[in-house]
Amino acid sequence: MSTIKLKHTFATILLTLSFVTASAQGGISGRVFDAKTGEAIEYASIALLNPQDSGIVTGTVSEHNGSFAIKPKYGSYIVRISFMGYTTYFHPNTITLNSKHPNANLGKIGLTPSAKTMDEVVVTAERTMVEYQLDKRVVNVDKNIVSGGGTATDVLENVPSVAIDNDGNVTLRGSTNVKVLIDGRPSELLGANLESLLEQIPASTVENVEIITNPSAKYDPEGMSGIINIKLKDKNSGALGLNGLANINIGSPVQEWLPTTMATININYNTPKYAITFAADGGQRARGMYGTTDIARIQNGVAYQHDSLFEHRIFPNQMASSKLGFEYYFNKNNSLLINYQLRSGNRIRKGTINATDLLGIDMDYIQSDTSLSRSLNHVIGLNYTHKFEKPEQVFTIDATLNLRKMNGEGDQEVSYADYFSNLNHYYLRHSIQENHHENINVRVNYNHPLKNDWKFETGYEGRISFPNQNSKYYITNYDSTGILATHLDNNSSTHYVSQQQIHAIYATVGGSIIEGLSMQAGLRGEYSLVEGHDINHPDMQRVYKSYPQIYPTLHASYQINKIHSTQLSYSRRVRRPNMWDLNPYLDVREGQQMSFGNPNLAPEFTNALELSYNVALDKINLYTCLYYRQTDSMMTRYGFVWDESSASYYSPWMPYDAQYDGYWASAWQNLNKGRNYGMEFILDYQILKWWKINVSINLYESTIEGTELLQNQDKKAFQASGKFNTYMTLPKNWTIQISGQYWAPWLDLQTEMFSNKWADLAIKKDILRKQGTLNLRIGNIFHTAGFGHYTNTPQLDRLVTGRRLGPTVTIGFSYKINNGLKQKSTQAEYDDSSSDSEY
């Protein structure tokens, strides 16, 4: 019995000692700083790795003064310290903690700014506004405070080479034929038109913007001028523990109280086994404009209608979204990410037109336009990543399901001055829309490293979408008996159902040929299909188009020396007509304007060639690019005055409706070849340690060969634009940014566009030991931003000028949420204790 008790007692002691040993904790501390400037680095990621498999055991982030402290269990660890823009640091010794040496003070650890590599040329040691890579430019906008309180629209307006016109159309190097991605996914897959979608994304959620003017075969070849990829911040930050950012802004134009309010919050919680991300935003982005129009409609050289219009419009658009993501790390090689996003928005348009008849033939009138569309979008995403033992050998599957519903109503009411005595002088058009849009996007990608730093990449990308648009229009006017009556406008009412599919297989191979010279070649094979029909008008032409095509790409980069580098690239691209381009749905808008699709529209194909040269000095970086594009079957929107003769000539597929006589109608048409060439300059200059500037200039000319539609006359257009940004980092955590833009006059296919210019000012102050930030933004500070154009055809003479409401004043506050704040008491404890070992 005594032997049994002795064994029991001995086992108990062993268990107790084992538990104490296993649960005993030590401490690892230190401070992180910039090896070049000596400044402390806040939010550097410190990770303790298992020496056997390099798996993450635990970790933390550095505080505002660069200090950090971790309390791991006794054992041996590899210490890894990383921060964006710096070379990752590994401590040269394995750190071992035990009862004799429970604590380890690593002292001061200097991180070295990232060096230049063959494929990527970083302009300066710190994170610059523009980074130049083999097949793209990355514009870092997280420090662009002039877009604070705005939306993704404001962000893009400050990106070199990119512009947004008054109608919300995005252009790249002067071309509207550009593909816009949100986190690598086509914007149309998110179920909203681009203008509406950009207005629903707060500027504070944008991390950077990638400009890919000549994409590789991995990317969708859609877009003649290239791809704009907007990357959002609601991603896993990689720092262990809890971290995040909250932001709120409020503002309004000075001329008129149109409140813009925006609030966002992004939270990440990371552990070695899983990560949870949550993001939410909401608010209202209000804009407004006023303008004048002098418009004369002409027949046989004589104006039969001549009006002067004064227009005032406001757009108090509202948006809200939330996103939840969960990523699980099965082991160091396998992870699964699941996320869900709910996005809603109310797009509101209110406008009033006061018209004066200059000929005295018709009466003056007032036109009122209101519309409200409500959208609800569900996005479910799934991503699986498998990393092989060989570095950079990765297999990924990315799938997204989008479910969108939009309901909208609108009224266009026209009242003439004498409509009480002449009942024919009253008109009300009421519209009801219900849209459903479901789509699926799947991408499978495999990266395989080859010998001598070469890499092979291949994959499949497929998209299937099912747009369904049901639009009804009701006309209200007085009948012959003087009774106000409403009837359904059968000609304009449509129920269009369609299907779009794109299936692609691609492959790229690239690597270093000789020292400094790297190349990448790619090939993409695609099959795309578009089909649709109008249920309400079965006799209308059905759409069925398929496009099997091959798209080659080639990229070459030569690092001449540490200062000079050059790049050459070629790609074949396409612009496919989408459902809205093909659908002969009639969209009637304010100012007697309307547009519709063309079911006979064919895709356009572009061959694009670029040659760039980059000079990267210590404080100056100059990027120069020459580009040339040739496009076959060029797609363009062509306008004309609607009457029976013009309708049959320019749009024979549309049924003629006399009630729209005199309206300015526009539809997509295929023209002959188009040629575009230009030169782009981007200058980054660190004038002083606290002052830097960025200047971009784009010179661009296009030529369209004449067709019968254009009376066989060639059209040429020249465009010049420039952007300017200056950043000043002042003492006591003050930052000032001034930006400006200028667009020279230029000629479109039918219209002379006027020049446009504006400037923005922003001031930022870091408070609460850099955990909080106050900012003030004054947009369009000199109230010069506007629009204007002149159109002269045998049917129409129109002069339009206008101004945005402004200046717009916005104030905001943001606060950083980070796990490092919770470590203060622990850090103090380690600072006061003696370290048993110095590493």
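## Close-up views of a predicted chain

**View 1. Serine 492 counts as buried, at 1% relative accessibility.** Here "buried" is under 20% relative accessible area, "exposed" is over 50%, and "partly exposed" is in between (1.4 Å probe, protein chains only). This is a predicted model, so local features need pLDDT of at least 70 and side-chain atom pairs count only at pLDDT 80 or more, while totals for chains, interfaces and linings use all residues. Residues are numbered from 1 along each chain as its sequence is written, and side-chain values use heavy atoms, with hydrogens and water left out. Serine 492 sits in the loop that links β27 (484-488) and β28 (494-514). Helices (H or I, at least four residues) and strands (E, at least two) are DSSP runs, numbered from the N terminus. The serine 492 side chain makes a 3.1 Å polar contact with the side chain of tyrosine 660. A polar contact is a pair of N or O atoms within 3.5 Å; within protein, one must be able to donate a hydrogen and the other to accept it, and residues adjacent in sequence count only if both atoms are side-chain atoms. If you skip neighbours within four places in sequence, the contacts of serine 492 (heavy atoms within 4.5 Å) are Arg429, Tyr473, Leu586 and Tyr660.

**View 2. Glutamate 526 meets two arginines.** One salt bridge pairs glutamate 526 with arginine 524, with the closest N and O atoms 2.8 Å apart. A salt bridge puts a side-chain nitrogen of Lys or Arg within 4 Å of a carboxyl oxygen of Asp or Glu. Another salt bridge, at 2.5 Å from N to O, brings in the side chain of arginine 576. Glutamate 526 belongs to strand β29 (residues 517-534) and arginine 576 to the loop between β31 (564-575) and α4 (579-582), so this pair ties together parts that are 50 residues apart in sequence. Relative accessibility is 9% for arginine 576, which counts as buried; glutamate 526 is buried too, at 5%. Zoom out a little and shared partners link Lys179, Asp220, Glu222, Arg443, Glu461, Arg463, Arg524, Glu526 and Arg576 into one salt-bridge network.

**View 3. Aspartate 154 and arginine 777 form a salt bridge, 3.9 Å from N to O.** Aspartate 154 comes from helix α2 (residues 152-157) and arginine 777 from strand β45, so the pair ties together parts 623 residues apart in sequence. Both aspartate 154 and arginine 777 are buried. Across the structure there are 15 salt bridges.

**View 4. Strand β44 pairs with both β41 and β45.** β44 (residues 756-767) runs antiparallel to β41 (residues 734-743), joined by 10 bridges. For two strands to pair, DSSP must find at least two bridges between them. Look for serine 739 opposite aspartate 760 of β44. Seven bridges connect β44 with β45 (residues 772-779), again antiparallel, and here aspartate 766 stands opposite threonine 773 of β45. The β44 and β45 hairpin has four residues between its strands, and leucine 768 takes a positive phi near 55 degrees.

**View 5. Threonine 726 is on strand β40 (residues 715-730).** Threonine 726 counts as buried, at 5% relative accessibility. Not counting residues up to four places away in sequence, threonine 726 touches Trp691, Lys692, Ile693, Ile736, Gln737 and Ile738. A polar atom of the threonine 726 side chain lies 3.5 Å from the backbone oxygen of lysine 692. The C-alpha atoms of threonine 726 and aspartate 684 are 9.7 Å apart, with their positions 42 residues apart in sequence numbering.

**View 6. Threonine 293 is on strand β20.** Threonine 293 is buried, with 12% relative accessibility. Beyond neighbours within four places in sequence, the contacts of threonine 293 are Asp307, Ser308, Leu309, Arg798, Leu799 and Val800. Threonine 293 and glycine 802 are 509 residues apart in sequence, yet 8.6 Å apart from C-alpha to C-alpha.

**View 7. A nonpolar surface patch covers about 610 Å².** Its members are Tyr269, Ile276, Phe278, Leu324, Phe326, Tyr328 and Phe330. The elements giving two or more residues are β20 (274-299) and β21 (302-329), and β21 contributes the most, with three. Patch residues have over 30% relative accessible area and no salt bridge; like charges are joined within 9 Å, nonpolar side chains (Val, Leu, Ile, Met, Phe, Trp, Tyr) within 5 Å. Areas come from the Shrake-Rupley method with a 1.4 Å probe; for residues, only the protein chains shown count as cover. Phenylalanine 330 is in the loop between β21 and β22 (334-357), and it is partly exposed, at 43% relative accessible area.
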